[in-house]
Each structure stands twice: as structure tokens, then as C-alpha cells.
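Got the viewer open? Let's take a walk through the model, one selection at a time.

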Amino acid sequence: MAFLEKLRRSDYLIRQHHPHEVGAPILRAANLSVRYENVSALEDVSFELEEGERLAVVGPNGAGKSTLFKVIAGVQNPTEGQVHVYGHEPGGHICIAYVPQRSQVDWSFPVSVADVVMMGRIGKLRLFRQPRRCDWDIVQDALEVVRMQHLAKRQISELSGGQQQRVFIARALAQEAELMLMDEPLSGLDINSKNDIFQIFDKLRQHAVTILVAMHDLQMAAERFDRVMLLNVQLLGLGTPAEVFTSEKLVQAYGGHLRLIHTDEGVLAIEDTCCGEGEEV
Amino acid sequence: MIDLLLTPLQYSFMVRGLAAAVLVGVICATLGTYVVLRGMAFFGDALAHAILPGVAIGYLVGGGARGSVFWWALLTAVVSAIGIGTISRSTKIKEDTAIGIVFAGTFALGVALISTVRTYTADLTHFLFGDVLGVRTSDLLLIVVFGSLILITVLAFYKEFLVVSFDPILAKTLRLPTRALDFLLMILIAVAIVVSLQTVGLALMVAMLVTPAATAFLLTRRLPVMMVLGGIIAAASGVVGLYLSFYIGIASGAAIVLTCTAIFGITWIVQTLRQHILIRSRSSDEARS
């Protein structure tokens with residue numbers, strides 16, 4: 001991760017699109033609403049994040065998790081409300097990375113692992129410029145962070161699910177993202193691959209990268225994240241797992257799709273029975 | 001054998017035809033890489049048909065002159081590409097439905113316009129199925145100029161087209177002008193169609209855009225290789241197709257397209273068999289160990 005330090009001191013950040021406003025929070029969302037036709041995907045969502053935080057975003061399918069991420073990334077405009085990243089509209093930043101769901105990626109596309117990671121550099125390259133030596137060095141370093149350097153020349157369809165996820169995190173690193181939005185990166189991975197991803201999350205934290213992770217596994221959200229956000233079109237809770245995962249709020253979010261089991265110690269054992277792969281909204 | 005290859009070259013129309021077929025093949029296959037990877041085959045087919053009214057107007061206005069047909073076709077192609085691109089983004093109707101409506105409507109208008117001329121069946125046939133042996137030196141010049149423009153643009157915007165095709169959301173978070181890039185690609189396809197008009201004709205155009213690139217896709221896992229390989233396959237199909245057309249006496253455009261299709265078919269069968277054998281040998285290895 002020394003390379004992230006190297007980057008921060010280098011001249012790359014001078015060319016970033018918006019200067020970061022001093023003292024502004026990394027992310028502030030105010031009264032966000034997104035409506036398609038007459039259906040609400042998000043309703044009046046407001047919150048603030050601190051730099052370096054690791055936040056799990058949980059909620060049933062169709063809760064608006066992907067929509068929220070696209071609005072934060074500045075890829076989609078909210079119907080109402082604003083997002084500010086370091087005090088500016090997200091559309092002016094190239095330090096926000098959106099890591100798509102694996103099911104949304106065309107894995108047969110004829111590109112190698114290194115090609116995909118290089119795509120993260122393209123925001124820094126001017127028109128008609130080809131990647132320079134230092135760009136390839138950064139790609140190499142990013143692959144080392146996720147321990148994928150030995151597979152740099154592989155075509156992306158030849159990777160396992162966990163490796164595919166790591167390539168996309170490396171791409172976000174090559175993009176020099178300070179805010180990473182990850183759409184269900186843990187779905188469908190075995191426990192070892194999940195642990196690999198969490199090790200990478202720990203490395204990211206040391207370098208003050210803020211990450212938002214959409215996920216279905218409530219237990220993992222409770223155990224491995226600083227704060228959790230419970231979303232079902234409206235923001236039902238944001239805070240420590242103990243504050244947010246109360247039976248009242250969970251029933252509000254999941255309705256009949258959730259089973260709450262009261263144990264002797266009074267702890268809630270919780271199970272999200274609605275998780276399916278490939279959420280669209 | 002050598003005589004068989006050399007005899008057709010005594011005719012200058014064959015030499016010009018071969019040059020046109022090779023150039024058009026390379027241009028279409030390079031762009032076709034994006035058509036295949038982005039699933040734009042139907043768009044390409046529709047666009048080819050949609051320029052018929054432009055061809056007809058150029059034909060009627062110019063009294064059959066080639067130059068007039070070319071420029072009118074170019075104008076119509078660019079307008080149609082922008083039109084289809086705009087309609088498919090802004091209405092409630094699904095993209096393929098919108099394309100279907102526009103393409104059938106404009107195609108009918110083209111047929112109607114050409115049918116006002118008495119010799120229309122013969123002329124219409126040339127526009128629909130091509131007339132590569134009627135290519136003149138001035139036509140070749142237009143192919144070279146516009147073809148180079150297309151290839152230079154594809155090279156110049158290589159990294160941008162790559163990102164916008166593979167991951168449009170990444171392109172947006174990198175703040176690339178995704179909409180402009182999409183339109184630029186559509187306009188390039190439009191120009192390629194006009195350049196290829198005389199070689200394969202409008203009705204078979206989509207084969208030049210899709211088939212060689214799809215064959216290359218089966219053979220490689222790298223985008224630049226896919227472009228080069230597609231170009232080679234298309235150029236070879238042009239040459240083989242024209243020789244077939246010369247010796248068997250079949251329509252030249254159809255012969256070129258049939259050659260492309262045959263190469264695709266053979267490649268597909270070989271690749272499928274190879275995969276089967278690979279899987280089988282792998283599973284028998286596992287059974288042994």
C-alpha cells in the first residue's frame with residue numbers, strides 16, 4: 001500500500017476535477033428522492049459519512065441500494081435532493097468508484113485482468129494519450145494490493161468469483177478512488193474468498209478509503225462493519241449494528257421475509273430469507 | 001493453379017473489385033468488433049436499410065450519377081444514426097421496437113422513390129445486393145479517404161470506446177462524455193455502411209459488420225487481436241468470394257457474404273469440438289487420478 005502514499009504525494013491529485021473542500025465530510029446526502037414513473041426507488045434519504053468509514057448497506061431486494069450508489073457516484077440524477085462529496089456535486093469528482101455486481105459485467109469481453117485495471121486510469125489520461133509507463137506501474141501495484149499480480153494476463157472469464165471481485169477493487173484503486181461503492185461484492189463467494197475481501201478492506205482503511213458495501217448477510221454486516229445502514233426505499237436506520245438491527249426496524253424493512261429468533265441471552269438471531277442474486281434496482 | 005488465380009486479374013474491373021472488397025472488409029470488421037461486443041447487430045442492419053431513401057434521392061437528383069448517390073447516402077446515414085440513437089433513448093417504446101419502426105418505414109420510402117423510375121428493378125438490385133465489379137477508381141478513392149478516417153478515429157478513441165463498451169457506468173464515473181462517444185460510434189458505423197454500399201449492398205451489410213468480427217471473437221481473447229484478425233478474415237473473404245463469383249458466375253456480394261459465413265461456420269465447429277475434447281480429456285484425467 002506504499003504506492004497509495006506515493007500517489008497522494010504525486011502530482012496526480014493536482015489534476016483532479018474538483019478541489020476537496022477543507023473540513024467538508026466525504027459524503028453528505030440531503031433529502032434524496034428518486035422516482036421512476038410513479039414508483040419511488042428512494043424517498044427522502046439524508047445522511048453523512050466520515051472519511052475512512054466502512055459502512056454496510058442492507059435491505060431487501062428493490063430497497064434502492066443500487067440506485068443510492070448510482071446517485072452517490074453521480075451516474076444518475078436524483079429526482080430531488082443533493083449529494084455532496086467533499087463539499088461538491090459528485091459529477092465533478094473522479095475519486096468515486098462504483099464496483100458493479102458481478103452479474104452485471106460481461107465476462108466474455110476480450111480483455112485481460114491488467115486491461116480492466118488500466119481502465120481505472122483512463123480518467124487521468126488525456127484524449128489521444130496512451131497509458132504511460134507510470135500508469136502500468138500503478139496497475140501492477142494495484143494488482144499487488146489485491147494479490148492478483150500473477151494473473152495479470154488472464155482473460156477475465158477465466159477467474160473465480162473472488163478473483164473477479166478483486167480485479168474490480170484493483171481497478172478502483174488504480175482510479176485512485178477515495179470513496180468506493182461496492183454493489184454486493186460478497187454475494188456468491190465462499191468463506192475464504194470473503195475473508196480475502198475483508199483483508200483488502202482492512203488495507204483500504206489504513207489509507208482512509210471510505211467504503212460503502214451493499215449486502216444481504218446481516219450477520220456479516222453486524223460483525224465486520226463500523227456502521228450499518230438499513231434501507232427500504234426510506235432510510236430506516238443508520239448507526240452501530242446494535243442501534244439499527246432492532247426487531248422493530250428489521251420487521252419494518254423486511255416484513256414477512258425475515259425470521260427473528262429470540263435466544264436465551266436475549267440476542268436476536270436474524271436471517272435474511274429473501275436474498276437472491278442479481279438485484280436490478 | 002496459378003493461371004486460375006491470375007486470369008481474373010487481367011480484367012481491371014476485377015482488380016478494382018478486389019481492392020474494394022479488401023478495403024471494405026478491413027473497415028467493417030474493425031468497427032464490427034464493437035458492433036459484436038455491444039450487441040448492435042440489429043442497429044447496424046436497420047441503419048443499412050434506413051439509408052435507402054437517401055440513396056434513392058441521390059439517384060433521382062443526380063440522374064444515376066455515383067457521386068450524388070454517395071453524398072446523399074452519407075447524409076441520410078448520419079441523420080438516421082443520430083435519429084435512431086435519439087429515439088431509442090427518449091421514448092417509452094423499447095429500443096428494438098423503435099428501430100424496427102424507423103427502419104421498415106424509411107426502407108419502404110426508399111423502395112417507393114426508386115419505383116418511380118422505369119428501370120427500377122435493376123437499379124434497386126444494385127443498391128440492395130451491391131455491384132462490386134462496377135467499382136470505379138473514383139469510388140475507390142472515396143473508400144480509401146473515408147475508410148482511413150474511420151480507422152484513425154477508432155484508433156484515436158481506442159481507450160474511450162473500450163471503457164464505454166465494457167462498463168458504461170465506469171465511463172460515467174470517470175466523467176467521460178459517454179453520450180457523445182456512443183453517437184460517434186454510431187456515426188462511424190453509418191459512414192462504414194455508406195462506404196460499403198457498392199461492395200455488398202444494403203441488404204447484406206450486416207454480415208460484413210458482424211460475421212468476420214464474430215469469427216475473430218471465437219478465436220481470441222484480446223480486443224486488438226480481435227480487430228486485426230477480423231480484418232484479415234474479412235479481407236480474405238472478399239478475395240475468395242470474388243474469385244468464386246468470377247468462376248461460378250454468382251452474385252459478387254452474396255459470394256463474399258457466403259464466404260464469411262462459411263469461415264464462421266467452420267471456426268465455430270472447430271472451436272466447439274476442441275472444447276468438447278478439452279473437457280473430456282480433463283474429466284478422464286480426473287478419473288485416472
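The tour goes from confidence to the chain contact and then into chain B.

First, some housekeeping: this is a predicted model, where local features need pLDDT of at least 70, side-chain atom pairs count only at pLDDT 80 or more, and totals for chains, interfaces and linings use all residues. Residues are numbered from 1 along each chain as its sequence is written, while chains are lettered from A and ligands numbered from 1 in the order in which they are written.

Colour everything by pLDDT, the predictor's per-residue confidence from 0 to 100. Chain A has a mean of 83, with 84% of its residues at 70 or more. Helices (H or I, at least four residues) and strands (E, at least two) are DSSP runs numbered from the N terminus. In chain A, confidence bottoms out in helix H1 (residues 2-9), at a mean of 52, and peaks in helix H3 (residues 113-119), at 95. Now select residues 8-16 of chain A: pLDDT is below 50 there, and the stretch has seven contacts beyond near neighbours in sequence. A contact here means C-beta atoms, placed from the backbone, within 7 Å. Residues 274-281 of chain A also stay under 50, with 19 contacts beyond four places in sequence.

Switch to chain B: its mean pLDDT is 89, and 98% of its residues reach 70 or more. For the complex, the predictor gives an ipTM of 0.85 and a pTM of 0.87.

Next, show where the chains touch: 20 residues of chain A contact 18 of chain B. Strand E5 (residues 96-99) of chain A supplies the largest share of chain A's side, three residues.

Zoom in on helices H2 (residues 12-37) and H12 (residues 205-219) of chain B. They pack at about 70°, axes 7 Å apart (axes are lines fitted to C-alpha atoms over the stretch in contact, and angles run from 0 to 180 degrees between N-to-C directions). That makes the pair roughly perpendicular, a label covering 65 to 115 degrees. Show sticks for B:Cys28 and B:Leu31, among the H2(B) residues that meet H12(B), where B:Met208 and B:Phe217 are among the partners.

Last stop: helix H11 (residues 178-200) of chain B. Its 23 residues should span 33 Å at 1.5 Å a residue (1.5 Å times one less than the residue count), and the end C-alpha atoms are 31 Å apart, which agrees. Just after H11(B), B:Gly201 takes a positive phi of about 85°.

Note on methods:
Contact = placed C-beta atoms within 7 Å. Parallel < 35°, antiparallel > 145°, perpendicular 65-115°, else oblique.
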